[in-house]
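Me: Please take a close look at one part of this chain, the stretch that begins with helix five and runs on through the loops and helices after it. I should like a connected account in prose.

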Amino acid sequence: PIPHPLLTSTAAIIGLIAILASYGNSDFYALLHSYNTSASMNIFTGISGKAGPGNIYLYALNAAIVSMALPINSEKSHLISHGIELLSVSALISFASIFFTIFVARLLRVSPYVIKSIPLRTTTTPIAIATIGFIGGNSGIAGVMSVTTGVIGSAIWIWLFNRNRFTKPITRGFTIGFMALGLGTSIITTE
């Protein structure tokens with residue numbers, strides 16, 4: 001079997017960072033930490049501070065986020081008709097996933113530093129990377145957990161849907177959107 005492209009590209013990036021750290025005068029974790037800095041990038045004011053590659057990546061994703069709003073807007077009436085259902089499910093899943101993640105990490109005796117880095121694993125990677133610093137987590141760990149959740153979640157949820165004969169498109173779409181992020185959503189849109 002061929003590994004998922006997202007897994008191979010993530011492994012290649014981590015490998016490249018490790019090679020750069022070993023040949024340079026830098027520690028792997030220090031180099032990984034410089035991926036996303038506290039720099040600010042704004043289309044009107046430019047860059048303030050020293051930007052890392054993660055900052056540039058997050059800045060470039062702004063256009064992708066805006067472009068996602070256009071198809072969502074075309075489904076506005078459908079979303080409004082299911083509004084209460086979608087809002088209640090999204091709130092429930094958001095809180096449950098954060099608390100479940102922390103609960104399992106504590107059961108497995110994961111270090112407190114890692115526990116601070118993983119609760120946002122069910123958000124999109126750019127949001128996890130950009131916001132995890134506010135609670136003292138590591139943006140690299142948060143990004144890896146978010147990508148891993150998307151890859152594994154997209155495979156598991158589609159299998160569960162098919163096995164249990166869930167065919168309602170709104171149920172499939174929003175569940176996988178919440179649990180497997182953008183990757184899962186992009187996979188299920190091909191159905």
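Reply: What follows sets out the chain as a whole, then the requested stretch, and then the end of the chain.

The model is a predicted one. The chain holds nine helices and two strands, and read from the N terminus its elements follow the order α-α-β-β-α-α-α-α-α-α-α. It has 191 residues, of which 28% count as buried. Its exposed surface comes to about 12600 Å², with 71% of that supplied by carbon and sulfur atoms. As for contacts between residues at least 6 apart in sequence, 39% of them join residues at least 24 apart.

Helix 5 spans residues 83–107. Glu-85 belongs to this helix and is partly exposed, because its relative accessibility of 38% falls between the 20% and 50% limits. The side chain of Glu-85 makes a polar contact, at 3.1 Å, with the side chain of His-82.

Further along helix 5 lies Thr-101. With a relative accessibility of 7%, Thr-101 counts as buried, since the limit for that class is under 20%. Leaving aside residues up to four places away in sequence, Thr-101 touches Ile-118, Pro-119 and Arg-121. With Arg-121 there is also a polar contact between the two side chains, at 2.7 Å. Thr-101 and Glu-85 thus both lie in helix 5, yet Thr-101 counts as buried and Glu-85 as partly exposed.

A nonpolar patch lies on the surface in this part of the chain, formed by Phe-100, Phe-103, Leu-107 and Leu-108. Together these residues have about 490 Å² of accessible area. Leu-108 is placed in the loop between helix 5 and helix 6, the latter covering residues 112–117. Its relative accessible area is 64%, so Leu-108 is classed as exposed, the limit being over 50%.

Arg-109 is found in that loop as well, between helix 5 and helix 6. Its phi is near 60 degrees, a positive value in a residue other than glycine. Arg-109 is exposed, at 77% relative accessibility. The loop therefore holds two residues that count as exposed, Leu-108 and Arg-109.

Beyond helix 6 comes the loop that leads to helix 7, and Leu-120 is found there. When residues up to four places away in sequence are not counted, Leu-120 touches Ala-128, Thr-131 and Ile-132. A separation of 9.1 Å, C-alpha to C-alpha, lies between Leu-120 and Gly-143, which are 23 residues apart in sequence.

The loop between helix 7 (125–131) and helix 8 contains Phe-134. Although aromatic, Phe-134 counts as exposed, with 73% relative accessibility. Phe-134 and Lys-116 stand 18 residues apart in sequence, with their C-alpha atoms 9.8 Å apart in space.

The account now passes to helix 8, helix 9 and the loop that joins them. Helix 8 covers residues 139–163 and helix 9 covers residues 169–188, and Arg-165 lies in the loop between the two. Arg-165 is not a glycine but has a positive phi of about 60 degrees. It is exposed, with a relative accessible area of 71%. A positive phi is thus found at Arg-109 and at Arg-165, each of them in a loop between two helices.

One aromatic pair is counted in the model. Its members are Phe-161 and Phe-166, with ring centres 6.3 Å apart and planes at 85 degrees to one another. The pair is classed as edge-to-face because planes over 60 degrees apart fall in that class, and the centres meet the requirement of lying within 6.5 Å. The two rings belong to residues of unlike accessibility: Phe-161 is buried, at 3% relative accessible area, whereas Phe-166 is partly exposed, at 42%.

Helix 9 includes Arg-172. This arginine counts as buried, with 7% relative accessibility, whereas Arg-165 in the preceding loop is exposed. Arg-172 and Ile-158 are separated by 14 residues in sequence, and the distance between their C-alpha atoms is 8.1 Å.

Key. Residues numbered from 1 in each chain as written. Predicted model: local features only at pLDDT ≥ 70, side-chain atom pairs only at ≥ 80, totals over all residues. Heavy atoms only, no water. Phe/Tyr/Trp six-rings, centres within 6.5 Å; stacked < 30°, edge-to-face > 60°. Buried < 20%, exposed > 50% of the residue type's maximum accessible area, 1.4 Å probe, protein only. Patch = residues over 30% accessible without salt bridge, like charges linked within 9 Å, V, L, I, M, F, W, Y side chains within 5 Å. Areas by Shrake-Rupley, 256 points an atom, 1.4 Å probe, with all protein chains shown as cover. Salt bridge = Lys/Arg side-chain N within 4 Å of Asp/Glu carboxyl O. Helix = DSSP H or I, 4+ residues; strand = E, 2+ residues; numbered from the N terminus. Contact = heavy atoms within 4.5 Å. Polar contact = N/O pair within 3.5 Å; in protein donor to acceptor, adjacent residues only side chain to side chain.
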